[in-house]
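User: Could you take a close look at one helix in this protein for me, and at what packs around it? I would enjoy a connected walk through that region, with some of the wider setting at the end.

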Amino acid sequence: MDALGGMASSSFDTDTTAAGQDVDYDQWRHPPSYLNCCGLLIPVRRPSSRRTAKFRTMTALPANHRLTVGTNERLTIFLITDTSLVVDRSADALEKWPYIEVPISHVLWSELDGDTWEISVLARRAKSAALSLVHITGNVSEEQKDGVSVFTRLLMDLAYAGLPRQKRLKVLVNPSSGPGNAVSNYIKKVEPVFRAARCQVDVTHTTRRQHAYDLMKDLPLRDFDTIVTVSGDGLVHEVINGLAEHVETVKAMRMPLTPIPSGSGNGLALNLLGLQDGSDVSAAALNAIKGQPIHVDVFSITQGDKRILSFMSQAVGLFADLDLGTEHLRFLGSSRFVIGFLRGVLTMNPCPVKLSIKVAESDKDKMVQTMQTSRSGGRTRHDARSQLDSVDKSASDTDVAPDTPSSSHGPPSALPELQHSAPDAEGWITFEKPLSYVYGGKGPYVSRELMQFPVSLPDDGLIDVVAQELTTRMAMLQGMDGAEVGRQFWMDTQHYYKAYAYRIEPLSPNGLLSIDGEAYPFESFQVEVHQGLATLLSPYGHYQPGFEPRSKG
């Protein structure tokens, strides 16, 4: 018998809650078959090469990395490998989830409370399935407690290596976002994950436009570790602009922010988590708990004497029309954007603006090379790291002042000063061809159906600007093929720039301006980038979507 073996009275049940149901499994009801592992008879449901390999490595693991609870007839096996937690309860031929293997990072909590041992994890039933919250619980005897305690401490140390436990989360839920499922997502799927990880949560349901903006201006920074938005990208826009008006702007902008996708486009979540997990609210909740901070660029947009911040996109022409012109179709989710695009292709209205750009790069092949170098850990040619260092130094050197309200008459002076002059200065160009739309932004995805900025980098200090030349309906429809993986990037009529700044001047009063999906006056505006000013959370430390470019031919 293994030194950590258990008593006949021990059994472990699985409770799956993320799917909105509680399932209790009656353990070990049917006669098992056995695998002999170094004299230990281990019951197995269906011997497989994967599980057999796991068992063969048991004796190679350190003693505190392996644990058996129960007797031969009622045995549960726990293993900690280099990367995973394995829980095997496969003696029962009718067991619905007899074998669980999850990355260590998906372990939310483990605790021995009296005689009850519980492990909470996020697991997938299949490779392509969404994450489900799983509670594995059982009773342990006095003889087992020392071994279980050692295993639990090790598991928690590995699961939260370099990370704070029991994070303090400020959660903002927008009941009106997108198709209207934010409240349901939070109650049924997100809050149980936060509770399982023993997070301290302060929740506000927004009740009006600019509610989050007003809250963020006076957010008590000492009280929270992370801001979580359960909404679409519009609420993130409010949060960032509210933080920009905080009395301690630099510290406020260093507060990590992460989205739980509950809107129509969910572009930010897709960029941070990838296509598979970008719509998975449980994966996004895990990112709020365990994601690593990354600095990302934000943009200052000036219209007359007004200055606002943008974190994702600015659009005029076709893509502003399909975004703002389909608000009444929010219940359709991201499908409304496809409908809006098809309607825009049918009408083919030109975009009546003058576009001026201060260009850093216009060669698409070089942009791809730079992106690939960055993703492999290299430095980019436009990397102005000194700007990031100065921002971080300013944040760390500033004493935290008492929480006092800030002025509501514009961003405080702690925001970076604007650097770029009018577009008639040296280094600016004017785009001369008729336009269908202009799209500027940061982050590859703007929605699941469109990777508009496939070579975007989080903190290169540049704006990706797309100027779509007015072309035929057929060419625009063909551009939809592969748009979800950025294939339209190679269209000859899609002009792509890396820019320090750009300016739009309307040539007609009739038009729409969308900033981060929000409507703004269709008036002249200028955009420039502030490198690494905001902070997001990412499981990977970079944008997750990978652009796999095809040959232009």
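Analyst: Happy to help; what follows starts with one helix, moves to the strand beside it in the discussion, and then turns to the wider protein. Please keep in mind that this is a predicted model.

Let us begin with helix H11, residues 364-375. How far apart are its end C-alpha atoms? They are 17 Å apart, and this agrees with the 16 Å that 12 residues should span at 1.5 Å a residue. Four residues of H11 are buried, namely Lys 364, Met 367, Val 368 and Met 371. These residues sit on the same side of H11, because the arc they cover around the axis is only 100 degrees. The cover over the buried residues of H11 includes strand S18 (353-361) and strand S24 (494-506). There is also a polar detail at the start of H11: a side-chain oxygen of Asp 363 comes to within 2.9 Å of the backbone nitrogen of Asp 365.

Strand S24 deserves its own look, and two of its residues give a good view of the surroundings: Gln 494 is found in S24, and so is His 495. Is Gln 494 buried or exposed? With a relative accessible area of 2%, Gln 494 is buried, since the cut-off for that label is under 20%. Its side chain has polar partners in this setting. One is the side chain of Tyr 437, joined to that of Gln 494 by a polar contact of 3.1 Å. Another is the side chain of Gln 468, in a polar contact of 2.9 Å with the side chain of Gln 494. Leaving aside neighbours within four places in sequence, the residues in contact with Gln 494 include Lys 364, Gln 452, Val 466, Ala 467, Gln 488 and Phe 489. Lys 364 brings us back to the helix, as it is one of the buried residues of H11.

His 495 also counts as buried, at 17% relative accessibility. The side chain of His 495 makes a polar contact of 2.9 Å with the side chain of Glu 469. Not counting residues up to four places away in sequence, His 495 touches Phe 431, Lys 433, Val 465, Val 466, Ala 467 and Glu 469. Val 466 and Ala 467 also appear among the contacts of Gln 494.

Now for the nonpolar interior. The largest nonpolar core has 81 residues, and those with the most contacts inside it are Leu 85, Leu 108, Trp 117, Phe 194 and Ile 227. Helix H8 (residues 281-290) gives the largest share of this core, with 7 residues. Apart from it lies another core of 28 residues, which includes Phe 341, Val 345, Tyr 437 and Leu 450. Tyr 437 is thus a link to the earlier discussion, as its side chain is the one in polar contact with Gln 494.

Back in the largest core, what does Phe 194 contact? Beyond its neighbours within four places in sequence, Phe 194 is in contact with Leu 169, Val 171, Tyr 186, Cys 199, Val 201, Val 228, Ala 285, Ala 288 and Ile 289.

For comparison with H11, here is another helix. Helix H5 (residues 233-244) has 12 residues and reaches 17 Å from its first C-alpha to its last, close to the 16 Å expected. H5 is mostly covered, with 12 of its 12 residues buried. Among them are Asp 233, His 237, Glu 238 and Asn 241.

Two backbone angles are worth a check as well. Most residues other than glycine have a negative phi. Arg 198 has a positive phi, near 60 degrees, and is found in the loop between helix H3 (182-196) and strand S12 (200-205). Asp 516 also has a positive phi, near 55 degrees, and lies in the loop between strand S25 (513-515) and strand S26 (518-520). Arg 198 is partly exposed, with a relative accessible area of 24%, whereas Asp 516 is buried at 2%.

Finally, the overall picture. The protein has 13 helices and 27 strands, and 56% of its 553 residues count as buried. Of the contacts with a separation of 6 or more, 75% are between residues 24 or more positions apart. The accessible surface comes to about 23100 Å², and 50% of it belongs to carbon and sulfur atoms.

Definitions and conventions
Residues are numbered from 1 along each chain as its sequence is written. This is a predicted model: local features need pLDDT of at least 70, side-chain atom pairs count only at pLDDT 80 or more; totals for chains, interfaces and linings use all residues. Side-chain values use heavy atoms; hydrogens and water are left out. The expected span of a helix is 1.5 Å times one less than its number of residues. Buried means under 20% relative accessible area, exposed over 50%, partly exposed in between (1.4 Å probe, protein chains only). The arc is that of the directions from the helix axis to the C-beta atoms. Contact means heavy atoms within 4.5 Å. A polar contact is a pair of N or O atoms within 3.5 Å; within protein, one must be able to donate a hydrogen and the other to accept it, and residues adjacent in sequence count only if both atoms are side-chain atoms. A nonpolar core is a set of buried Ala, Val, Leu, Ile, Met, Phe, Trp, Tyr and Cys residues joined through side-chain atoms within 4.5 Å. Accessible areas come from the Shrake-Rupley method with a 1.4 Å probe; for residues, only the protein chains shown count as cover.
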